[in-house]
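Visitor: Could you take me through one part of this protein up close? I'd like to look at the annotated binding site, and then at whatever you think belongs beside it.

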Amino acid sequence: MYAAPEQLQAEVFARIPEHYLVRGRASDWARTQLHGAAAPVFLEGPSFDRQGNLWVVDIPWGRIFRIDPQGRVELAAEYDGEPNGLKFHPDGRAFITDYRNGLMVMDPATGRVESYLERARLERFKGCNDLFFAANGDLYFTDQGQSGLHDPGGRLYRLRAGGQLDIVLQGIPSPNGLVMNLDETAIYLAVTRANAIWRVPLMEDGTATKVGVYIQMSGGGGPDGIALDAEGGLAVCHVGFGAVWVFSPRGEPRYRIDAPEGLYTTNCAYGGPDGRTLYMIESRTGCVFTARLPVKGKTMYSHVPA
């Protein structure tokens with residue numbers, strides 16, 4: 001349907017050091033999600049702070065790492081949970097979607113992690129996955145759990161800045177990464193088990209309308225994390241495929257970036273001094289790799305400089 005996208009060269013930026021890898025221990029998360037395979041580390045949730053440090057989470061072991069602009073890795077926090085996504089609020093706090101505990105919040109200065117929202121209307125979440133801050137302070141997050149085509153019970157929530165929690169969309173077969181479009185009138189939502197990116201237009205009251213497929217993918221396991229560029233295009237991490245695709249604002253494939261190793265290309269974030277470097281995660285190997293893009297990443301609300 002489209003011409004083959006241009007392939008961009010990827011380079012390894014950082015790797016979780018050997019002394020941080022967990023060996024000889026079992027993880028309930030890995031037992032289910034990875035069918036019992038060993039998980040010395042499983043990275044997701046890349047997000048930049050105001051100082052240009054890249055923060056990533058390690059789901060099975062409840063850890064959060066800080067990677068400085070030179071690629072040096074430091075363990076910043078460790079707690080009893082399964083952190084899946086991380087984004088910075090303009091006040092400096094890091095908000096975390098935790099598969100086991102709901103929404104958490106972390107003080108980056110101390111590494112203290114606390115519960116923020118454990119339940120929705122007294123019900124436990126299925127398993128929170130990823131999150132996004134709108135310009136008005138509203139927090140959108142996905143509740144994925146074990147949903148899929150067999151059980152399309154995933155949900156997309158909005159936590160208003162004033163504290164009200166709304167269900168924006170339900171009946172989703174595995175909602176994952178999300179980002180709003182440039183004018184914040186719609187959400188692009190990675191629906192992993194449908195192997196698609198959905199476009200979720202929003203009404204003035206924040207409810208969803210006319211939801212449709214924006215990009216249909218194939219192969220691998222499906223789209224995971226996504227990032228927006230300054231033109232309105234999307235970078236889409238294709239987990240199980242070992243690649244990240246960059247689409248134009250019209251949904252045309254422009255670039256393909258293959259991971260230097262591994263197939264678990266799960267998440268990405270734009271960064272670097274000029275915002276033109278895409279930082280991508282290969283979760284199973286604990287590798288962060290980069291590629292230069294012709295277009296800048298969109299400076300999102302959660303990354304606005306002080």
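Guide: The UniProt record, an unreviewed entry, puts a "binding site" annotation on Glu44, Asn176 and Asp224. Keep in mind that what you're looking at is a predicted model. Those three residues span 181 residues in sequence, yet no two of their C-alpha atoms are more than 11.7 Å apart, so they gather at one spot. Glu44, Asn176 and Asp224 also turn up in the lining of the second largest pocket.

Let's start with Glu44, which sits in strand S3, residues 43-48. How buried or exposed is Glu44? Its relative accessibility is 6%, and since buried means under 20%, Glu44 counts as buried. Leaving aside neighbours within four places in sequence, Glu44 is in contact with Val56, Val57, Ile59, Asn84, Asp224, Thr266, Asn267, Ile281 and Ser283. So pick out Asp224 in that list: it is a contact of Glu44 and shares the annotation with Glu44.

Now over to Asn176, in strand S17, which runs over residues 175-180. Asn176 is buried too, with a relative accessible area of 4%. With neighbours within four places in sequence set aside, its contacts are Asn129, Asp130, Thr142, Gln144, Leu189, Ala190, Thr192, Pro223 and Asp224. Asp224 is there again, in contact with Asn176 as well as with Glu44.

That list also hands us Asn129 as a contact of Asn176. UniProt places a "binding site" feature at Asn129 as well, again from an unreviewed entry. Asn129 lies in strand S13, residues 128-133, and is buried at a relative accessible area of 4%. Not counting residues within four places in sequence, Asn129 is in contact with Asn84, Gly85, Thr97, Thr142, Gln144, Pro175, Asn176 and Gly177. If you line up the lists, Thr142 and Gln144 are contacts of Asn129 and also of Asn176, while Asn84 is in contact with Asn129 and with Glu44.

Next, follow Pro223, which is a contact of Asn176. Pro223 is also touched by Asn195, a residue in the loop between strand S18 (186-191) and strand S19 (196-201). Asn195 is buried, with a relative accessible area of 13%. Besides Pro223, and leaving out residues up to four places away in sequence, Asn195 touches Ile215, Gln216, Met217, Ser218, Gly219, Gly222 and His238. One of these gives you a polar contact to look at: the Asn195 side chain reaches the backbone oxygen of Gly219 at 3.0 Å.

For some ring geometry, a search of the whole structure finds 13 aromatic pairs. Among them is Phe241 with Trp245, a tilted pair at 5.5 Å centre to centre and 55° between the planes. Phe241 is partly exposed, at a relative accessible area of 28%, whereas Trp245 counts as buried at 14% relative accessibility. Elsewhere, ring pairs link Phe13, Phe48 and Tyr279 into a cluster; Phe48 belongs to strand S3, the strand that holds Glu44. There's a charge over a ring as well: the charged end of Arg284 sits over Tyr264, 5.1 Å from the centre of the ring.

For a contrast in burial, try Thr110, found in the loop between strand S9 (102-107) and strand S10 (112-117). Thr110 counts as exposed, at 57% relative accessibility. A polar atom of the Thr110 side chain lies 3.2 Å from the backbone nitrogen of Arg112.

Terms used. Residues are numbered from 1 along each chain as its sequence is written. This is a predicted model: local features need pLDDT of at least 70, side-chain atom pairs count only at pLDDT 80 or more; totals for chains, interfaces and linings use all residues. Side-chain values use heavy atoms; hydrogens and water are left out. Helices (H or I, at least four residues) and strands (E, at least two) are DSSP runs, numbered from the N terminus. Buried means under 20% relative accessible area, exposed over 50%, partly exposed in between (1.4 Å probe, protein chains only). A polar contact is a pair of N or O atoms within 3.5 Å; within protein, one must be able to donate a hydrogen and the other to accept it, and residues adjacent in sequence count only if both atoms are side-chain atoms. Contact means heavy atoms within 4.5 Å. UniProt positions are given in the numbering used here, feature names are shortened, and annotations may be inferred rather than shown by experiment. Rings of Phe, Tyr and Trp (its six-membered ring) pair if their centres lie within 6.5 Å; planes under 30 degrees apart count as stacked, over 60 as edge-to-face and the rest as tilted. A charge sits over a ring if NZ of Lys or CZ of Arg is within 6 Å of the ring centre and within 35 degrees of the ring normal. On a 1 Å grid over the protein atoms alone, a cavity is a set of points where a 1.4 Å probe fits but cannot get out, and a pocket is an open set with protein on both sides within 12 Å along at least five of seven lines; lining residues have an atom within 4 Å of a point.
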